[in-house]
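Please find below a short note on the structure, set out as numbered points. The aromatic contacts are taken up before the helix and the strands.

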Amino acid sequence: MQQDERWLQWAVELQSLAQAGLYYSPNKFDIERFQRIREISAEMIRYKSGLSAQKVNDLFCNETGFQTPKLDTRAAIFQQDKILLVQEENGLWSLPGGWVDVDLSIKENTLKEVKEEAGLDVSAEFIIAILDRDKHNLPKMAHKVCKTFVYCTALGGEFRPNNETIDSGYFSLHALPPLCTEKNNVAQVKMCFDAHFAPDWKTLFD
């Protein structure tokens, strides 16, 4: 980890310890101390990131219980050896996907995100990879994220502009548009191509 990123590692660790303490401690005085530690960790994030207090609290301090990684799903859908990408309002492109809803499985969430962002009905075939986001994508985030890449087959449907994406298209590996690299980078898209062409793909994981 870069020297200038150590503050984020400290803030994340403080948040994790405080959240566990708030959940498990029976002592009201310890609970007050853990609450203050959590507030300090949030203040560190606000100070360094420039985000509002409400935004930081929503992202960083709204959970209970033992802290575990968040889940993100990304769908790899191919047509004539080209991969489907969707375009966001900022002009960048990504594999359709997003945060896993609390009441959905990875498979269910993948199908939902593809329908919402690409307008397609798909079947989820297999897991390409489960990757630790911090090891592959920038910028670093205030919470641990596991990114699940799911190989899917299109069954039908068509794209319509929506509140998340403005366009979609199929691209070859050597003609990719500008990617939203915090969600998926060139190496991750190439990994999906490798899975597409592999006769017997084995799931990758960190």
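1. Searching the whole structure, which is a predicted model, yields 5 aromatic pairs. One of them joins tyrosine 23 to tyrosine 24 in an edge-to-face arrangement, with 4.9 Å from centre to centre and 85° between the planes. Tyrosine 24 counts as exposed because its relative accessibility is 55%.

2. A further pair is formed by tryptophan 93 and phenylalanine 171: the ring centres are 5.0 Å apart and the planes stand at 75°, so this pair is edge-to-face. Since tryptophan 93 belongs to strand β3 and phenylalanine 171 to strand β7, the pair ties together parts that are 78 residues apart in sequence. Both tryptophan 93 and phenylalanine 171 are buried.

3. One aromatic cluster comprises Phe78, Phe126, Tyr151 and Phe193.

4. Which strands pair with β2 (residues 82-87)? Strand β1 (residues 70-79) does so in the antiparallel sense over 2 bridges. Strand β7 (residues 167-171) is joined to β2 by 5 bridges, also antiparallel, and strand β3 (residues 93-94) by 2 bridges, again antiparallel. Of the 6 residues in β2, 5 are buried, and the strand is thus mostly covered.

5. Valine 86 of β2 has bridge partners in two of these strands: serine 168 in β7 and serine 94 in β3. Toward β1, glutamine 79 stands opposite lysine 82 of β2.

6. Both hairpins that involve β2 contain a residue with positive phi. In the β1 and β2 hairpin, with 2 residues between the strands, that residue is glutamine 80, with phi near 50°. Between β2 and β3 there are 5 residues, and glycine 91 in the turn has a phi of about 90°.

7. Helix α2 (residues 28-49) consists of 22 residues and spans 32 Å from first to last C-alpha, close to the 32 Å expected at 1.5 Å a residue. At its N-terminal end, asparagine 27 acts as the cap, with a side-chain oxygen 2.8 Å from the backbone nitrogen of phenylalanine 29. Glycine 50 follows the helix and has a positive phi, near 80°.

8. Where do the buried residues of α2 lie around the axis? These residues are Arg38, Ser41, Ala42 and Ile45. They cover an arc of only 95°, which means that they share the same side of α2. In general, an α-helix has 3.6 residues a turn, so residues three or four places apart point the same way. The face turned away from the buried side carries the exposed residues Glu32, Arg33 and Tyr47.

Conventions: Residues numbered from 1 in each chain as written. Predicted model: local features only at pLDDT ≥ 70, side-chain atom pairs only at ≥ 80, totals over all residues. Heavy atoms only, no water. Helix = DSSP H or I, 4+ residues; strand = E, 2+ residues; numbered from the N terminus. Expected span 1.5 Å × (residues − 1). Buried < 20%, exposed > 50% of the residue type's maximum accessible area, 1.4 Å probe, protein only. Arc of directions from axis to C-beta. Polar contact = N/O pair within 3.5 Å; in protein donor to acceptor, adjacent residues only side chain to side chain. Pairing = 2+ DSSP bridges. Phe/Tyr/Trp six-rings, centres within 6.5 Å; stacked < 30°, edge-to-face > 60°.
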